[in-house]
Amino acid sequence: MGVKGFVEGGIASIIAGCSTHPLDLIKVRMQLQGETPISAPATVHNLRPALAFHTGAANHTFSIPAPSVVAPPRVGPVSVGVKIIQQEGVAALFSGVSATVLRQTLYSTTRMGLYDMLKQKWTDPDTNIMPLSKKIVAGLIAGGIGAAVGNPADVAMVRMQADGRLPISQRRNYKSVIDAITQMSKSEGVTSLWRGSSLTVNRAMLVTASQLASYDQFKETILEKGLMKDGLGTHVTSSFAAGFVAAVASNPVDVIKTRVMNMKVEPGMAPPYNGAIDCAMKTIKAEGPMALYKGFIPTISRQGPFTVVLFVTLEQVRKMLKDF
(Lines give C-alpha, C1' and ligand atoms only; values in the text may rest on other atoms or scores of the structure.)
Protein backbone atom coordinates (compact mmCIF):
# COMPACT_ATOMS: atom_id res chain seq x y z
CA MET A 1 0.00 0.00 0.00
CA GLY A 2 1.26 3.50 -0.74
CA VAL A 3 3.77 4.14 -3.50
CA LYS A 4 2.08 1.82 -6.01
CA GLY A 5 -1.14 3.83 -5.90
CA PHE A 6 0.76 7.06 -6.60
CA VAL A 7 2.59 5.51 -9.59
CA GLU A 8 -0.59 4.03 -11.10
CA GLY A 9 -2.54 7.25 -10.64
CA GLY A 10 0.29 9.39 -11.98
CA ILE A 11 0.72 7.40 -15.20
CA ALA A 12 -3.02 7.35 -15.91
CA SER A 13 -3.40 11.07 -15.14
CA ILE A 14 -0.56 12.21 -17.40
CA ILE A 15 -1.89 10.16 -20.33
CA ALA A 16 -5.44 11.46 -19.78
CA GLY A 17 -4.29 15.07 -19.34
CA CYS A 18 -2.17 15.18 -22.50
CA SER A 19 -4.75 13.44 -24.69
CA THR A 20 -7.53 15.87 -23.73
CA HIS A 21 -5.41 19.05 -23.50
CA PRO A 22 -6.91 20.76 -26.60
CA LEU A 23 -10.40 20.44 -25.10
CA ASP A 24 -9.16 21.95 -21.85
CA LEU A 25 -7.60 24.86 -23.72
CA ILE A 26 -10.87 25.57 -25.55
CA LYS A 27 -12.70 25.43 -22.20
CA VAL A 28 -10.34 28.04 -20.71
CA ARG A 29 -10.76 30.37 -23.70
CA MET A 30 -14.56 30.09 -23.45
CA GLN A 31 -14.55 30.77 -19.71
CA LEU A 32 -12.70 34.04 -20.38
CA GLN A 33 -15.25 35.21 -22.96
CA GLY A 34 -17.05 38.34 -21.84
CA GLU A 35 -14.34 39.29 -19.35
CA THR A 36 -13.50 42.98 -19.49
CA PRO A 37 -10.04 43.36 -21.04
CA ILE A 38 -7.40 45.57 -19.45
CA SER A 39 -7.08 48.70 -21.49
CA ALA A 40 -5.94 52.26 -21.21
CA PRO A 41 -8.47 54.63 -19.67
CA ALA A 42 -10.79 56.31 -22.10
CA THR A 43 -9.55 59.66 -23.29
CA VAL A 44 -11.50 62.72 -24.20
CA HIS A 45 -10.46 64.51 -27.35
CA ASN A 46 -10.86 68.30 -27.28
CA LEU A 47 -11.35 69.73 -30.76
CA ARG A 48 -11.42 73.36 -31.79
CA PRO A 49 -13.70 74.32 -34.65
CA ALA A 50 -11.99 75.42 -37.83
CA LEU A 51 -12.93 79.06 -38.33
CA ALA A 52 -11.92 81.49 -41.08
CA PHE A 53 -11.97 84.45 -38.71
CA HIS A 54 -10.74 84.92 -35.18
CA THR A 55 -13.82 85.24 -32.99
CA GLY A 56 -14.73 84.45 -29.40
CA ALA A 57 -16.05 81.11 -30.50
CA ALA A 58 -12.53 80.01 -31.25
CA ASN A 59 -11.84 79.68 -27.55
CA HIS A 60 -14.54 77.10 -27.10
CA THR A 61 -13.75 73.41 -27.26
CA PHE A 62 -16.02 70.52 -28.05
CA SER A 63 -15.56 67.30 -26.06
CA ILE A 64 -15.90 64.06 -27.96
CA PRO A 65 -15.80 60.98 -25.70
CA ALA A 66 -13.83 57.99 -26.79
CA PRO A 67 -15.95 55.29 -28.41
CA SER A 68 -17.07 52.55 -26.06
CA VAL A 69 -15.66 49.07 -26.52
CA VAL A 70 -18.23 46.58 -27.74
CA ALA A 71 -17.72 43.07 -26.41
CA PRO A 72 -17.34 40.45 -29.14
CA PRO A 73 -20.18 37.95 -29.52
CA ARG A 74 -19.83 34.70 -27.60
CA VAL A 75 -19.18 31.64 -29.68
CA GLY A 76 -19.31 27.89 -29.13
CA PRO A 77 -16.48 25.37 -28.63
CA VAL A 78 -16.23 24.39 -32.30
CA SER A 79 -15.97 28.04 -33.40
CA VAL A 80 -13.38 28.73 -30.69
CA GLY A 81 -11.32 25.74 -31.80
CA VAL A 82 -11.49 26.72 -35.48
CA LYS A 83 -10.56 30.33 -34.64
CA ILE A 84 -7.53 29.18 -32.64
CA ILE A 85 -6.32 27.02 -35.54
CA GLN A 86 -6.87 29.80 -38.09
CA GLN A 87 -5.20 32.55 -36.07
CA GLU A 88 -2.54 30.66 -34.11
CA GLY A 89 -2.05 27.35 -35.91
CA VAL A 90 -2.79 23.74 -34.97
CA ALA A 91 0.12 23.64 -32.51
CA ALA A 92 -1.66 26.32 -30.44
CA LEU A 93 -4.17 23.68 -29.32
CA PHE A 94 -1.33 22.24 -27.25
CA SER A 95 -0.21 25.55 -25.74
CA GLY A 96 0.74 24.90 -22.13
CA VAL A 97 0.94 21.11 -22.49
CA SER A 98 4.22 21.13 -20.54
CA ALA A 99 2.32 22.73 -17.66
CA THR A 100 -0.35 20.03 -17.98
CA VAL A 101 2.30 17.32 -17.59
CA LEU A 102 3.74 19.02 -14.50
CA ARG A 103 0.27 19.64 -13.08
CA GLN A 104 -0.79 16.03 -13.50
CA THR A 105 2.54 14.87 -12.05
CA LEU A 106 2.07 16.98 -8.93
CA TYR A 107 -1.69 17.35 -8.47
CA SER A 108 -3.22 14.18 -9.87
CA THR A 109 -0.48 11.83 -8.71
CA THR A 110 -0.94 13.15 -5.17
CA ARG A 111 -4.74 13.00 -5.15
CA MET A 112 -4.95 9.57 -6.79
CA GLY A 113 -2.33 8.11 -4.47
CA LEU A 114 -3.85 9.58 -1.30
CA TYR A 115 -7.35 8.46 -2.30
CA ASP A 116 -6.08 4.94 -2.89
CA MET A 117 -4.38 4.91 0.54
CA LEU A 118 -7.54 6.14 2.31
CA LYS A 119 -9.67 3.73 0.32
CA GLN A 120 -7.62 0.74 1.43
CA LYS A 121 -7.58 1.99 5.00
CA TRP A 122 -11.31 2.70 5.27
CA THR A 123 -12.68 -0.27 3.29
CA ASP A 124 -14.38 -2.87 5.48
CA PRO A 125 -12.14 -5.98 5.33
CA ASP A 126 -15.11 -8.33 5.80
CA THR A 127 -17.48 -6.93 3.16
CA ASN A 128 -14.78 -5.25 1.03
CA ILE A 129 -17.12 -2.25 0.80
CA MET A 130 -16.38 1.39 1.49
CA PRO A 131 -19.45 3.54 2.31
CA LEU A 132 -20.19 6.40 -0.10
CA SER A 133 -19.81 8.95 2.69
CA LYS A 134 -16.24 7.79 3.36
CA LYS A 135 -15.46 7.81 -0.37
CA ILE A 136 -16.56 11.46 -0.52
CA VAL A 137 -14.50 12.39 2.53
CA ALA A 138 -11.47 10.60 1.09
CA GLY A 139 -11.93 12.51 -2.17
CA LEU A 140 -12.20 15.85 -0.39
CA ILE A 141 -9.00 15.25 1.59
CA ALA A 142 -7.00 13.88 -1.34
CA GLY A 143 -8.19 16.62 -3.72
CA GLY A 144 -7.40 19.45 -1.31
CA ILE A 145 -3.86 18.28 -0.61
CA GLY A 146 -3.16 17.51 -4.27
CA ALA A 147 -4.34 20.97 -5.36
CA ALA A 148 -2.15 22.76 -2.84
CA VAL A 149 0.88 20.85 -4.17
CA GLY A 150 0.09 21.46 -7.85
CA ASN A 151 -1.18 25.07 -7.78
CA PRO A 152 1.97 26.66 -9.37
CA ALA A 153 1.64 24.38 -12.40
CA ASP A 154 -2.10 25.11 -12.54
CA VAL A 155 -1.53 28.89 -12.66
CA ALA A 156 1.12 28.46 -15.36
CA MET A 157 -1.16 26.20 -17.40
CA VAL A 158 -4.08 28.64 -17.33
CA ARG A 159 -1.86 31.56 -18.37
CA MET A 160 -0.17 29.63 -21.18
CA GLN A 161 -3.52 28.45 -22.51
CA ALA A 162 -5.04 31.95 -22.38
CA ASP A 163 -2.03 33.83 -23.77
CA GLY A 164 -3.10 33.54 -27.40
CA ARG A 165 -6.33 35.51 -26.83
CA LEU A 166 -4.45 38.59 -25.62
CA PRO A 167 -3.23 41.39 -27.91
CA ILE A 168 0.35 40.75 -29.06
CA SER A 169 1.66 43.62 -26.90
CA GLN A 170 0.12 42.09 -23.75
CA ARG A 171 1.13 38.46 -24.27
CA ARG A 172 3.43 36.88 -21.72
CA ASN A 173 5.04 34.53 -24.27
CA TYR A 174 6.15 31.90 -21.78
CA LYS A 175 8.48 29.39 -23.44
CA SER A 176 7.66 26.53 -21.08
CA VAL A 177 6.12 25.83 -17.70
CA ILE A 178 9.51 26.35 -16.03
CA ASP A 179 9.90 29.70 -17.81
CA ALA A 180 6.37 30.68 -16.74
CA ILE A 181 7.01 29.86 -13.08
CA THR A 182 10.39 31.63 -13.18
CA GLN A 183 9.00 34.82 -14.76
CA MET A 184 6.03 34.92 -12.38
CA SER A 185 8.32 34.53 -9.36
CA LYS A 186 10.60 37.35 -10.55
CA SER A 187 7.99 39.87 -11.70
CA GLU A 188 5.07 39.16 -9.35
CA GLY A 189 6.66 37.39 -6.40
CA VAL A 190 6.65 33.78 -5.31
CA THR A 191 3.19 34.18 -3.78
CA SER A 192 1.76 34.67 -7.29
CA LEU A 193 2.34 30.94 -7.85
CA TRP A 194 -0.42 30.29 -5.33
CA ARG A 195 -2.80 32.91 -6.72
CA GLY A 196 -6.29 31.47 -6.65
CA SER A 197 -5.11 28.57 -4.51
CA SER A 198 -8.25 28.66 -2.38
CA LEU A 199 -10.30 28.24 -5.56
CA THR A 200 -7.99 25.51 -6.82
CA VAL A 201 -8.30 23.62 -3.54
CA ASN A 202 -12.10 24.00 -3.45
CA ARG A 203 -12.44 22.90 -7.07
CA ALA A 204 -10.08 19.97 -6.60
CA MET A 205 -11.97 18.82 -3.53
CA LEU A 206 -15.25 18.92 -5.49
CA VAL A 207 -13.76 17.22 -8.57
CA THR A 208 -11.95 14.48 -6.66
CA ALA A 209 -14.84 13.75 -4.33
CA SER A 210 -17.39 13.65 -7.18
CA GLN A 211 -15.13 11.99 -9.75
CA LEU A 212 -13.37 9.25 -7.78
CA ALA A 213 -16.18 8.54 -5.33
CA SER A 214 -18.87 8.43 -8.02
CA TYR A 215 -16.73 6.21 -10.28
CA ASP A 216 -16.30 3.65 -7.52
CA GLN A 217 -20.00 3.92 -6.62
CA PHE A 218 -21.23 3.56 -10.22
CA LYS A 219 -18.88 0.64 -10.83
CA GLU A 220 -19.95 -1.15 -7.65
CA THR A 221 -23.65 -0.61 -8.47
CA ILE A 222 -23.29 -1.93 -12.02
CA LEU A 223 -21.47 -5.05 -10.79
CA GLU A 224 -23.88 -5.64 -7.87
CA LYS A 225 -26.94 -5.34 -10.14
CA GLY A 226 -25.34 -7.65 -12.68
CA LEU A 227 -25.83 -5.10 -15.47
CA MET A 228 -22.34 -5.72 -16.85
CA LYS A 229 -19.27 -7.74 -16.08
CA ASP A 230 -16.08 -6.18 -14.74
CA GLY A 231 -14.54 -5.11 -18.04
CA LEU A 232 -14.09 -2.27 -20.50
CA GLY A 233 -17.83 -1.61 -20.86
CA THR A 234 -18.25 -1.14 -17.09
CA HIS A 235 -15.17 1.04 -16.85
CA VAL A 236 -16.26 3.34 -19.71
CA THR A 237 -19.84 3.66 -18.46
CA SER A 238 -18.85 4.34 -14.87
CA SER A 239 -16.13 6.81 -15.80
CA PHE A 240 -18.31 8.84 -18.20
CA ALA A 241 -21.06 9.10 -15.58
CA ALA A 242 -18.44 10.18 -13.03
CA GLY A 243 -17.14 12.80 -15.46
CA PHE A 244 -20.60 14.31 -15.85
CA VAL A 245 -21.08 14.51 -12.08
CA ALA A 246 -17.66 16.15 -11.67
CA ALA A 247 -18.35 18.71 -14.43
CA VAL A 248 -21.66 19.81 -12.90
CA ALA A 249 -20.16 20.11 -9.43
CA SER A 250 -16.99 21.96 -10.38
CA ASN A 251 -17.81 24.27 -13.32
CA PRO A 252 -18.79 27.41 -11.30
CA VAL A 253 -15.62 27.24 -9.22
CA ASP A 254 -13.59 26.49 -12.36
CA VAL A 255 -14.82 29.65 -14.12
CA ILE A 256 -13.88 31.87 -11.16
CA LYS A 257 -10.54 30.07 -10.74
CA THR A 258 -9.66 30.60 -14.39
CA ARG A 259 -10.41 34.33 -14.25
CA VAL A 260 -8.56 34.96 -10.99
CA MET A 261 -5.49 33.05 -12.17
CA ASN A 262 -5.46 34.74 -15.56
CA MET A 263 -5.92 38.33 -14.35
CA LYS A 264 -3.08 40.67 -15.19
CA VAL A 265 -2.11 43.05 -12.38
CA GLU A 266 -0.61 46.24 -13.78
CA PRO A 267 1.92 48.15 -11.62
CA GLY A 268 0.24 50.96 -9.71
CA MET A 269 -3.26 49.76 -10.63
CA ALA A 270 -5.82 47.89 -8.57
CA PRO A 271 -6.25 44.23 -9.58
CA PRO A 272 -9.39 43.41 -11.60
CA TYR A 273 -10.61 41.14 -8.81
CA ASN A 274 -10.04 41.27 -5.06
CA GLY A 275 -10.46 37.56 -4.55
CA ALA A 276 -12.87 34.76 -5.41
CA ILE A 277 -16.03 36.31 -3.97
CA ASP A 278 -15.39 39.63 -5.69
CA CYS A 279 -14.75 37.84 -8.99
CA ALA A 280 -17.96 35.80 -8.64
CA MET A 281 -20.06 38.89 -7.84
CA LYS A 282 -18.61 40.94 -10.71
CA THR A 283 -19.09 38.05 -13.12
CA ILE A 284 -22.72 37.51 -12.12
CA LYS A 285 -23.46 41.26 -12.15
CA ALA A 286 -21.93 41.81 -15.58
CA GLU A 287 -22.91 38.57 -17.32
CA GLY A 288 -25.66 36.94 -15.29
CA PRO A 289 -25.63 33.86 -13.00
CA MET A 290 -25.39 31.40 -15.90
CA ALA A 291 -21.95 32.84 -16.63
CA LEU A 292 -20.74 30.50 -13.88
CA TYR A 293 -21.56 27.65 -16.24
CA LYS A 294 -19.77 29.29 -19.15
CA GLY A 295 -17.73 26.71 -20.99
CA PHE A 296 -19.84 23.84 -19.61
CA ILE A 297 -20.11 22.10 -23.00
CA PRO A 298 -16.32 21.97 -23.49
CA THR A 299 -16.00 21.16 -19.78
CA ILE A 300 -18.15 18.06 -20.08
CA SER A 301 -16.65 17.37 -23.52
CA ARG A 302 -13.24 17.39 -21.86
CA GLN A 303 -14.22 15.96 -18.45
CA GLY A 304 -16.01 12.99 -20.04
CA PRO A 305 -13.12 11.81 -22.25
CA PHE A 306 -10.57 12.74 -19.57
CA THR A 307 -12.34 10.64 -16.94
CA VAL A 308 -12.83 7.75 -19.36
CA VAL A 309 -9.16 7.76 -20.39
CA LEU A 310 -8.11 8.22 -16.76
CA PHE A 311 -9.97 5.25 -15.31
CA VAL A 312 -9.65 2.91 -18.31
CA THR A 313 -5.89 3.55 -18.29
CA LEU A 314 -5.79 3.21 -14.50
CA GLU A 315 -7.52 -0.19 -14.65
CA GLN A 316 -5.05 -1.37 -17.31
CA VAL A 317 -2.02 -0.07 -15.39
CA ARG A 318 -3.28 -1.83 -12.28
CA LYS A 319 -3.41 -5.10 -14.19
CA MET A 320 0.11 -4.56 -15.51
CA LEU A 321 1.50 -3.72 -12.06
CA LYS A 322 -0.58 -6.32 -10.20
CA ASP A 323 2.39 -8.55 -9.41
CA PHE A 324 4.66 -5.71 -8.28
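## Close-up views of a predicted model

The structure holds 2 aromatic pairs, and the model you are looking at is predicted. The legends below start with these ring pairs, then move to the nonpolar cores, the salt bridges, the cysteines and the chain as a whole.

**Figure 1. Tyr215 and Phe311 form a stacked aromatic pair.** A pair of aromatic rings is described by the distance of the centres and the angle of the planes. For Tyr215 and Phe311, the centres are 3.8 Å apart and the planes differ by 5°. To find the two rings, look for Tyr215 in helix α7 and Phe311 in helix α10, which spans residues 296-320. The pair links distant parts of the chain, as its two residues are 96 positions apart. Both Tyr215 and Phe311 are buried.

**Figure 2. Tyr293 and Phe296 form an edge-to-face pair.** Here the ring centres are 5.9 Å apart and the planes meet at 65°, so the pair counts as edge-to-face. The cut-off to keep in mind is that planes over 60 degrees apart are called edge-to-face. Are Tyr293 and Phe296 buried or partly exposed? Tyr293 is partly exposed, with a relative accessible area of 30%. Phe296 has 19% relative accessibility and counts as buried, because the limit for buried is under 20%.

**Figure 3. The largest nonpolar core has 16 residues.** Among the residues with the most contacts inside this core are Met112, Tyr115, Ala138 and Leu212. Leu310, Phe311 and Leu314 belong to that list too. Which elements give two or more residues to the core? They are α1 (3-19), α4, α5, α7 and α10. Helix α10 gives the most, with 4 residues.

**Figure 4. Leu212 is in contact with Arg111, Met112, Tyr115, Val207 and Phe311.** This list leaves aside the neighbours of Leu212 within four places in sequence. You have already met Phe311 as the stacking partner of Tyr215. Elsewhere in the model there is a second, separate core of 13 residues. Its members include Ala156, Met157, Val158 and Ile181.

**Figure 5. Asp154 forms a salt bridge with Arg103.** The closest N and O atoms of this pair are 3.1 Å apart. Asp154 lies in helix α5 (residues 132-162) and Arg103 in helix α4 (residues 97-122), so the salt bridge ties together parts that are 51 residues apart in sequence. Asp154 has a relative accessible area of 2% and is buried. Arg103 also counts as buried, at 7% relative accessibility.

**Figure 6. Asp154 also meets Lys257 in a salt bridge.** The N to O distance between these side chains is 3.4 Å. This pair links helix α5, which holds Asp154, to helix α8 (residues 232-262), which holds Lys257. The two residues are 103 positions apart, and both are buried. Which residues are joined into one network by salt bridges that share partners? The network is made of Asp24, Lys27, Arg103, Asp154, Arg203, Asp254 and Lys257.

**Figure 7. Lys119 and Asp216 meet in a salt bridge.** The N to O distance between their side chains is 3.3 Å. Lys119 sits in helix α4 and Asp216 in helix α7 (residues 197-225), with their positions 97 residues apart in the numbering. The two partners differ in cover: Lys119 is partly exposed at 23% relative accessibility, whereas Asp216 is buried, with a relative accessible area of 8%. A search of the whole structure finds 16 salt bridges.

**Figure 8. Cys18 is partly exposed, while Cys279 is buried.** The relative accessible area is 25% for Cys18 and 0% for Cys279. How many disulfides are counted in the model? The count comes to 0.

**Figure 9. The chain has 10 helices and 2 strands.** Starting at the N terminus, you can follow the elements in the order α-α-β-β-α-α-α-α-α-α-α-α. Of the 324 residues, 45% count as buried. Among contacts with a separation of 6 or more, 77% come from residues 24 or more positions apart. The chain exposes about 16,600 Å², and carbon and sulfur atoms supply 67% of that area.

Terms used
Residues numbered from 1 in each chain as written. Predicted model: local features only at pLDDT ≥ 70, side-chain atom pairs only at ≥ 80, totals over all residues. Heavy atoms only, no water. Salt bridge = Lys/Arg side-chain N within 4 Å of Asp/Glu carboxyl O. Buried < 20%, exposed > 50% of the residue type's maximum accessible area, 1.4 Å probe, protein only. Contact = heavy atoms within 4.5 Å. Areas by Shrake-Rupley, 256 points an atom, 1.4 Å probe, with all protein chains shown as cover. Phe/Tyr/Trp six-rings, centres within 6.5 Å; stacked < 30°, edge-to-face > 60°. Disulfide = S-S within 2.5 Å. Core = buried A, V, L, I, M, F, W, Y, C linked by side-chain atoms within 4.5 Å.
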